[in-house]
Amino acid sequence: MSAGYPFSAIVGLADLRLALLLNAVSPGVGGVLVRGEKGTAKSTMVRALAALLPDTETVSGCRFACDPAAPDPACPDGPHDASAPAETRRARLVELPVGATEDRLVGSLDLERALAEGVKAYEPGLLAGAHRGVLYVDEVNLLHDHLVDLLLDAAAMGTAHVEREGVSVRHAARFLLVGTMNPEEGELRPQLLDRFGLTVEVAASREPRERAEVVRRRLAYEADPDAFARRWADDDAELAARIVRARDLLPRVTLPDAELERVARVCAAFEVDGLRADLVTARTAIALAAWQGRTEVDASDVRRAAQLALPHRRRRNPFDAPGLDHDKLDEALEDEPDEPDEPEQPAPDDDEPDPDGPGNPGPGGGRTDRAPGPRTPAEADQSNGSAPTGSGPEASAASGPAAAAPAAEQPAVAAAEPFRARLIAVPGLGQGAAGRRSRAETGIGRATGERRPSGSRTSRPHLLGTVRAAAPYQRARGRSGPGLVVRRDDVREAVREGREGNLVLFVVDASGSMAARARMRTVKGAVLSLLLDAYQRRDKVGLVTFRGAGAELALPPTSSVEAGAARLAALPTGGRTPLAAGLLRAYETLRVERLRDPRRRPLLVVVTDGRATHGRDPLGEARRAAGLLAASGTASVVVDCESGPVRLGLAARLAADLAGPVLGLAELAADGLAGLVRDLRAAS
């Protein structure tokens with residue numbers, strides 16, 4: 001077996017190098033989340049770290065790597081005698097694949113032996129294998145949320161729990177947790193981000209000499225891995241020895257009160273939630289002092305620790321990118337003056353106009369003193385003075401080539417304030433990935449029945465169903481003891497119903513009929529609200545826009561809702577309304593996605609006023625395209641953007657062709673009915 005790539009040979013990535021080494025010195029820091037583009041040696045450096053970790057003494061034959069000096073009293077292979085033989089082994093690197101099951105992560109129980117023999121027959125999972133080593137999760141953002149919860153719970157508590165139908169097993173699980181992710185493929189939830197101790201952003205160097213050196217070393221490694229490893233062996237040995245020295249020094253490092261207050265001041269300045277940030281920053285600063293060979297934390301340690309521990313805790317909403325304001329960090333790190341001077345407040349200038357007042361034509365003009373909070377789209381539309389756009393006979397909405405010239409393209413308009421959207425679910429019972437939108441048969445959720453498992457093993461045993469299946473045959477099977485005589489064909493698994501994530505494909509009308517600034521601002525706010533809802537419900541999203549002479553797939557289906565928000569923000573408007581082209585592009589996109597991910601059910605959200613003004617028979621072509629989508633079984637909903645006193649009702653006709661409901665903008669909010677009543681009262 002060829003040698004692995006040496007840790008010391010990796011070029012650049014100073015922040016990632018330091019974050020990994022600090023966790024090797026003090027696993028209590030809480031692990032590292034590595035964010036970055038593909039091809040930046042994230043995985044290479046993580047795998048190389050395991051070779052630097054000290055060897056571990058374990059109880060011989062223990063599957064859970066118990067320390068002979070302090071064995072786990074609850075070890076499933078225990079209890080261990082104090083005189084039990086010990087063995088030395090290298091620190092393990094355990095990799096958790098994206099497609100892993102819960103049983104693969106935490107372990108599984110043998111239900112047959114539990115019923116027949118009354119024993120806890122436990123098969124360890126990856127958490128047991130990673131105990132006292134490194135657990136590496138590549139593409140952690142693509143891991144199912146309930147697995148990430150289990151993983152982070154074990155990392156925080158140092159123990160793993162397995163419970164099946166009242167049979168429970170616990171074992172120690174202390175490991176260095178490292179996760180890598182590409183933000184383009186979707187973000188982790190803020191709750192999960194906060195559970196990682198440190199975060200590091202990595203990117204490939206733009207310096208040609210450094211890039212050339214990376215390639216040079218990689219080619220040398222591939223030509224002769226063993227010779228390349230020998231070349232860097234002394235450097236790696238020195239790093240490994242330094243980790244051991246820092247671990248020995250760690251208990252003697254002190255954190256002075258002045259530096260502890262500096263940690264608290266920095267965390268308060270950045271308004272992070274909770275106190276985990278304070279604890280992680282303090283632990284990181286202590287580990288950094290030990291790594292530098294010092295016994296006391298100073299201000300430079302606090303600064304470096306804050307740069308690693310706080311960026312991912314700054315996200316105030318799902319569309320924010322992690323990061324720190326370095327000027328603000330410098331200000332927060334400064335020692336507090338004994339008597340801070342009160343800044344002199346300048347007197348208001350009566351002649352100077354209020355930049356947010358009604359007389360200012362800028363983006364903030366006309367803002368009222370309304371208390372912050374969610375608004376319905378109709379309220380936003382009304383507050384922005386939306387002018388009626390639905391007028392004229394129906395023929396004017398479906399005019400052919402002889403129609404009046406379309407409006408010129410308008411620049412992108414900022415979205416209105418998002419609101420809490422109502423739940424729009426796909427009808428029926430699905431079998432897709434776990435999420436929070438539509439009803440589905442999932443591995444977690446409430447039990448609704450039982451069945452024979454399709455394979456030889458099941459991760460969802462149904463205890464009562466198994467006993468009920470085996471009970472009639474106990475006399476015929478010669479049962480003589482307290483246990484049941486259970487055979488494999490007696491085992492039943494639970495059928496559970498939960499929620500799944502869907503593919504939400506937005507088809508947004510960006511034509512001239514939507515180009516009124518106030519109206520498009522409201523529409524963008526509504527779509528942004530639905531994107532936020534999709535993020536919270538663990539959906540994949542895609543975005544099709546249509547205007548001018550055709551439609552484009554502005555965002556291919558992805559788990560990155562942030563990318564959808566960015567595409568929406570830059571969306572210009574103007575031109576004719578090729579509604580049929582938008583629907584056909586959606587049909588083709590969903591057809592391809594069904595081949596890639598057949599279990600994920602789609603939800604089509606068409607945002608339009610229903611007008612069609614491009615083609616020989618604009619409305620007829622749109623109706624035929626809608627019929628294709630309906631025939632394919634796609635669940636659809638039409639969001640009617642038409643406003644004004646004269647309404648043609650074309651969106652409702654489109655919804656009928658799609659075999660789905662139609663919702664007004666005001667009805668999208670979770671309190672849509674109340675908002676609609678308010679709008680009607682205001683109009684009267």
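Let me start with the surface of the protein chain, which exposes about 33100 Å², with carbon and sulfur atoms supplying 51% of that area. I should say at once that what we have on the screen is a predicted model, so please hear every value that follows as computed from that model.

As for the overall make-up, the secondary structure of the protein chain comes to 22 helices and 19 strands, and of its 684 residues, 48% are buried. If we turn to contacts in the chain with a separation of 6 or more, 80% of them are accounted for by residues 24 or more positions apart.

Let me now take two residues in turn, beginning with L249, which is found in helix α10, the helix covering residues 233–249. Is L249 buried or exposed? Its relative accessible area is 11%, and because buried means under 20%, L249 counts as buried. Which residues does L249 touch, once its neighbours within four places in sequence are left aside? The answer is A290, G293, R294 and T295. In that connection, I would also mention A289, which lies 40 residues from L249 along the chain, with 9.3 Å separating the two C-alpha atoms.

The second residue is D327, which sits in helix α14, residues 326–333. With a relative accessibility of 61%, D327 is over the 50% cut-off and therefore counts as exposed. D327 also belongs to a negative surface patch, which it forms together with D325, E331 and E334.

To put the two side by side, then, L249 in helix α10 is buried, whereas D327 in helix α14 is exposed.

Conventions:
Residues numbered from 1 in each chain as written. Predicted model: local features only at pLDDT ≥ 70, side-chain atom pairs only at ≥ 80, totals over all residues. Heavy atoms only, no water. Patch = residues over 30% accessible without salt bridge, like charges linked within 9 Å, V, L, I, M, F, W, Y side chains within 5 Å. Areas by Shrake-Rupley, 256 points an atom, 1.4 Å probe, with all protein chains shown as cover. Salt bridge = Lys/Arg side-chain N within 4 Å of Asp/Glu carboxyl O. Lys, Arg positive; Asp, Glu negative; His and termini not counted. Charge placed at Lys NZ, Arg CZ, Asp CG, Glu CD. Helix = DSSP H or I, 4+ residues; strand = E, 2+ residues; numbered from the N terminus. Buried < 20%, exposed > 50% of the residue type's maximum accessible area, 1.4 Å probe, protein only. Contact = heavy atoms within 4.5 Å.
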